[in-house]
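Work through the exercises below with the structure open beside you. Try each task before reading its solution.

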Amino acid sequence: MADSAGIQQGSPAIGAAGLVPAAPGAGGTEGSGAAGGSARIAVKKAQLRSSPRPKKLEKLGVYSSCKAEGACKCNGWKSQNPPPTPPRTDQQSSAVNLQEPCRSCSHTLGDHVTHLENVSEEEMNRLLGIVLDVEYLYTCVHKEEDADTKQVYFSLFKLLRKSILQMGKPMLEAQESPPFEKPSIEQGVNNFVQYKFSHLPSKERQTIMELAKMFLNQINYWQLETPSQRRQRVPNDDAAGYKANYTRWLCYCNVPQFCDSLPRYETTQIFGRTLLRSVFTVMRKQLLEQARQEKDKLPPEKRTLILTHFPKFLSMLEEEVYSHSSPIWSQDFLAGASGGQIPIHTGYSHPQTCYEYFLLCPCIIVGEKRKPSEPLPHEENKRPRVVGDIPMDLINEVMATITDPAAIPETSLLSAHSARDEAARLEERRGVIEFHVIGNSLNQKPNKRILMWLVGLQNVFSHQLPRMPKEYITRLVFDPKHKTLSLIKDGRVIGGICFRMFPSQGFTEIVFCAVTSNEQVKGYGTHLMNHLKEYHIKHEILNFLTYADEYAIGYFKKQGFSKDIKVPKAKYVGYIKDYEGATLMGCELNPSIPYTEFSVIIKKQKEIIKKLIERKQAQIRKVYPGLSCFKEGVRQIPIESIPGIRETGWKPVGKGNCNTYTHFILTRLPVKKTEAPGYYQVIRFPMDLKTMSERLKSRYYTTRKLFMADMQRIFTNCREYNPPESEYYKCANLLEKFFYTKIKEAGLIEK
């Protein structure tokens, strides 16, 4: 981290006892927790960004370096290190203007912002956001009593201050970058669900996944105790290791909740078993205690889940967390085909109680696709995950039918719609065929069965590849540097793929690939290649290269090979064997795809889409009667009472979710030049509801503050262009008042 040598770890919150996240520096007592603190900062930023440009320059002037001629080295009077005493309120809010002299040098503040004259409004707003984050951390440094935590805040304060001076993006510089441990907590819990509960029926497994999701959400908003608190509670623990994780948690997970100019990650995605072990015991005890205290608030249908199933789930998970031989923490753990991943949706406000959690918690999609272990870029991590616009209960209902084998229409193996490897996959499940990776070894005692299989492979390759010299085939099949994925049926070899792995070069060369002639056209070739792909994913080699003759090009194309080679030429020249008259082809593997079950997954997805389309078409055809209440004198009715409105996917606006509300207000078009002459000469940064609607659809509004800032710009522009006595000016005031009333009622900002 820049300017953070020796940065130590500490906690801004109420320690391990805290179920409600607190703002940094608040010690768990200030404000109403993370949601309140974050909302207050967002509102301040929206107000500041809607201010006139001179006001913005005045704000930035006190943090910017002096650009006057000469050797002035002033970096702005508020860019100095925090003084030993907390700032007074009147000092922070005192107005300044660009003609005032800087308190650190003799030049005016105007000399501090000459470099911002031609800066775009967007860039200026970004810098203003960092300024407010700096001021917030400035306060945190003074309020925080824990020495380790104070040091982290101070380091982040200096980092953001430096970003303002250099007009750069704040980047945390550290020896390690997220994720800090693999597999992550999220992946480990997913593996736990697969390992212990994949055999359960769909309904019971869904219950387990709801418990897992609740547990992971609690970790994402759990407030870690400070290192000093932990030393007092567990004096013999690994203090240095916990301190390192605590610092990372503050910098990457906790502080960015409030200072959004820093990249934010979910705790469960960048930390692994080490951090989970340090919090699990205390967290388990307090979660169960809180559940018992809130049992009367729980709906009857959720009471059993929380009070009966959740304790058992935590006890079973605790065994795997502290076990030294648990397979769920292995990076080679492969989720079974019947299980699924647990999506963690970060767009919700953190539930304050278990009861509130179950009001907010959606159902969970059961998927079959393994998740990549690579970390996402910063920009992607800051976006809320999008589940989709299909109601979750509908997806759940469809999934319940799809996961039932009897509900999936069987496809004839001779049908044009059947997968090429479907027959082979069924035979493998019945034990008719087997797949084994074998090879000759000079270091181990010869195995008679393996030697017989190698001889059988040599015969298959010789018969199916007559243009290859038999001596050459024999030499490579029995070469210890080569391996062969053999296909065994009724104890005899009927096909195989001979290959040589080059781990240092990042690819594998496929030398021979053949299936005996009387066993072809049964999908064996495709299933062979799929097994080879999964074998290489397990060994972290993600590229195949091969020379294909004119008869094999078609087969390799069907298996995902192409003439577009992804491996750099310098990596394979001198390693791979050249063949005259053959075409070099390559295949890049995707580690997220379970290749041997890929056609089954596609089949299920096809059925899901088919059923969703059928249900949607049934809804579209339904016609509801018109509203007649307005003829009787009714002036206003609740939106949810309109017949058919809920069937469209509309839901009442909830805490922490402004997207539903925006869908109903974003209808107005941009101002036309013919209707308002000179409008775009007066208004430099226009905004309208149609543009906001398009931004909403493109998922531009990743935070509430972006949405509110654009709405505020509409009101500001209207008042700037129209005279105060005009109807438009008055309408802007009325609409603005109505907007903020609704936002407050929705709990998106403080009342």
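A salt bridge is a side-chain nitrogen of Lys or Arg within 4 Å of a carboxyl oxygen of Asp or Glu. The model used here is predicted.

**Exercise 1. Find the residues that are linked in a network of salt bridges, and say how many salt bridges a search of the whole structure finds.**

Step 1. Take the network. Its members are Lys-45, Asp-133, Asp-260 and Lys-705.

Step 2. Take the total. Searching the whole structure gives 25 salt bridges.

Step 3. Recall the principle. Side chains of opposite charge can pair when their charged atoms come close.

**Exercise 2. Work out which helices the salt bridge of Asp-148 and Lys-243 ties together.**

Step 1. Check the distance. From N to O, the side chains of Asp-148 and Lys-243 are 3.5 Å apart, and they form a salt bridge.

Step 2. Place both ends. Asp-148 belongs to helix α5 (residues 147-166), and Lys-243 belongs to helix α9 (residues 239-254), so the bridge ties together parts that are 95 residues apart in sequence.

Step 3. Test for burial. The cut-off for buried is under 20% relative accessible area. Asp-148 has 11%, so Asp-148 is buried.

Step 4. Look further along helix α9. Its buried residues include Tyr-242, Trp-249, Leu-250 and Cys-253. Among the elements that cover the buried residues of α9 are α5, α8 (227-233), α10 (267-270) and α11.

**Exercise 3. Describe the salt bridge between Arg-284 and Glu-318, then the one between Lys-522 and Glu-519.**

Step 1. Start with Arg-284 and Glu-318. Their closest N and O atoms are 3.6 Å apart.

Step 2. Place them. Arg-284 sits in helix α11 (residues 273-293) and Glu-318 in helix α12 (residues 300-322), so this pair ties together parts 34 residues apart in sequence.

Step 3. Compare with the cut-offs. Partly exposed lies between 20% and 50% relative accessible area. Arg-284, at 23%, is therefore partly exposed. Glu-318, at 22%, is partly exposed too.

Step 4. Turn to Lys-522 and Glu-519. Here the closest N and O atoms are 2.9 Å apart. Lys-522 is partly exposed, at 33% relative accessible area. Glu-519 is buried, at 6%.

**Exercise 4. Is Ile-438 buried or exposed, and which residues is Ile-438 in contact with, leaving aside neighbours within four places in sequence?**

Step 1. Locate the residue. Ile-438 is in strand β1 (residues 433-438).

Step 2. Read its accessibility. At 6%, Ile-438 counts as buried.

Step 3. List the contacts. Outside those sequence neighbours, Ile-438 touches Ile-450, Trp-453, Leu-454, Leu-457, Lys-483, Thr-484 and Ser-486.

Step 4. Pick one contact and compare two distances. Thr-484 is 46 residues from Ile-438 in sequence, yet their C-alpha atoms are 5.4 Å apart in space.

**Exercise 5. Find the nonpolar patch that Phe-630 helps to form on the surface.**

Step 1. Name the members. Leu-627, Phe-630 and Val-634 make up the patch. Together they have about 230 Å² of accessible area.

Step 2. Place Phe-630. This residue is in the loop between α22 (598-621) and α23 (659-665).

Step 3. Check its accessibility. Phe-630 has a relative accessible area of 41%, so Phe-630 is partly exposed.

**Exercise 6. Look for unusual backbone geometry in the loop between α5 and α6 (185-197).**

Step 1. Recall the rule. Most residues other than glycine have a negative phi, and most peptide bonds are trans.

Step 2. Inspect the prolines. The bond joining Pro-178 and Pro-179 is cis, with omega about 0°. Pro-179 lies in this loop. The bond from Lys-182 to Pro-183 is also cis, with omega near -5°. Pro-183 is in the loop between α5 and α6.

Step 3. Inspect phi. Met-167 is in the loop between α5 and α6. Its phi is positive, near 55°. Met-167 is partly exposed, at 27% relative accessible area.

Step 4. Look elsewhere in the chain. Arg-699 has a positive phi of about 65° although it is not a glycine. Arg-699 is found in the loop between α25 (689-697) and α26 (704-721).

**Exercise 7. Which elements have the lowest and the highest mean pLDDT?**

Step 1. Begin with the chain. Its average pLDDT is 76, and 77% of the residues score at least 70.

Step 2. Go to the extremes. Helix α13 (residues 354-360) has the lowest mean, 37, and strand β3 (residues 492-502) has the highest, 94.

Step 3. Examine a low stretch. Over residues 342-388 the pLDDT is below 50. Beyond near neighbours in sequence, that stretch has 139 contacts in the model.

Key
Residues are numbered from 1 along each chain as its sequence is written. This is a predicted model: local features need pLDDT of at least 70, side-chain atom pairs count only at pLDDT 80 or more; totals for chains, interfaces and linings use all residues. Side-chain values use heavy atoms; hydrogens and water are left out. pLDDT is the predictor's confidence in each residue, from 0 to 100. Helices (H or I, at least four residues) and strands (E, at least two) are DSSP runs, numbered from the N terminus. Contact means heavy atoms within 4.5 Å. Patches are made of residues with over 30% relative accessible area and no salt bridge: like charges are joined within 9 Å, nonpolar side chains (Val, Leu, Ile, Met, Phe, Trp, Tyr) within 5 Å. Accessible areas come from the Shrake-Rupley method with a 1.4 Å probe; for residues, only the protein chains shown count as cover. Buried means under 20% relative accessible area, exposed over 50%, partly exposed in between (1.4 Å probe, protein chains only).
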